Amino acid sequence: ASLPTRVAAIETAESCGSPEGEVNDGQGWHGPLVRSIGLVAIALASTACNASPASSTATPMPTSIVDPCTIVGALSINIMQVSMEPTLEPGDKVVLEPASFYRGEIVVFPAPAAVVGSSEAPFIKRVIGVAGDLVEIHDDAVWVNSVKLVEPYVYNGQPTTPLTDTLSWRVPQGYLFVLGDHREASQDSRVFGPIAKSAVIGRVAYRCLPADRRGPISASLAD
């Protein structure tokens, strides 16, 4: 018999193609309902037909040569949002693993309450600053500890501009400063400030689909 799959649906609070606004299906992360208007769907395969719902902790990637896309119990995400383009594009399927909280990692975390229209479902962003860092946005660029970042992963080389009156953030202990790679289509720490490390569900580690883009997701942060 095939393994049962518990699916949590995430739907948008904004129109298609908008930056963010994912919401839960109301049945918890492992509820059976999938809504067609979801931006991101998270599927967690149980390890037996009578298995209890798995936790949101991702299965670590193995050190041996094993296809991460075939690991039973791995947490996978189908991307349908645009805020992490071009790194993650609508239609991509990726696998998560526990986060290391390094600069450059792409992490998944619950949508902050400060975002209008957000809910319990997660956002996906790149870590730009860690505890103690001073992150500033000016001159159309991101500066970390007074060093201007060179960011080749940013969508079409877009400038990074403030989304509120706040132009600088000192990242507290236990927190991360995160941005979307598609800067003009992302609600991120420019809006809601640093996020708690304890809220992070996992990091994007490997792309399973499409086949022509299959492989590990780079966690490097150019500077």
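These questions and answers cover the nonpolar core and the salt bridges of a predicted model. Local features need pLDDT of at least 70, side-chain atom pairs count only at pLDDT 80 or more, and totals for chains, interfaces and linings use all residues. Residues are numbered from 1 along each chain as its sequence is written, and side-chain values use heavy atoms, without hydrogens and water.

Q: Which strand supplies the largest share of the largest nonpolar core?
A: A nonpolar core is a set of buried Ala, Val, Leu, Ile, Met, Phe, Trp, Tyr and Cys residues joined through side-chain atoms within 4.5 Å; buried means under 20% relative accessible area, exposed over 50%, partly exposed in between (1.4 Å probe, protein chains only). The largest one here has 13 residues. Strands are DSSP runs (E, at least two residues), numbered from the N terminus. β4 (75-79), β5 (93-97) and β6 (106-110) each supply at least two core residues, and the largest share, three residues, comes from β4.

Q: How far apart are the closest N and O atoms of R203 and E97?
A: The two form a salt bridge, that is, a side-chain nitrogen of Lys or Arg within 4 Å of a carboxyl oxygen of Asp or Glu. R203 sits in β14 and E97 in β5, 106 residues apart. Both are buried. Their closest N and O atoms are separated by 2.3 Å.

Q: How many residues apart in sequence are the parts tied together by R213 and E89?
A: R213 and E89 form a salt bridge. R213 lies in the loop between β14 (202-209) and β15 (215-216), E89 in the loop between β4 and β5, so the pair ties together parts whose separation in sequence is 124 residues.

Definitions and conventions: Helices (H or I, at least four residues) and strands (E, at least two) are DSSP runs, numbered from the N terminus.
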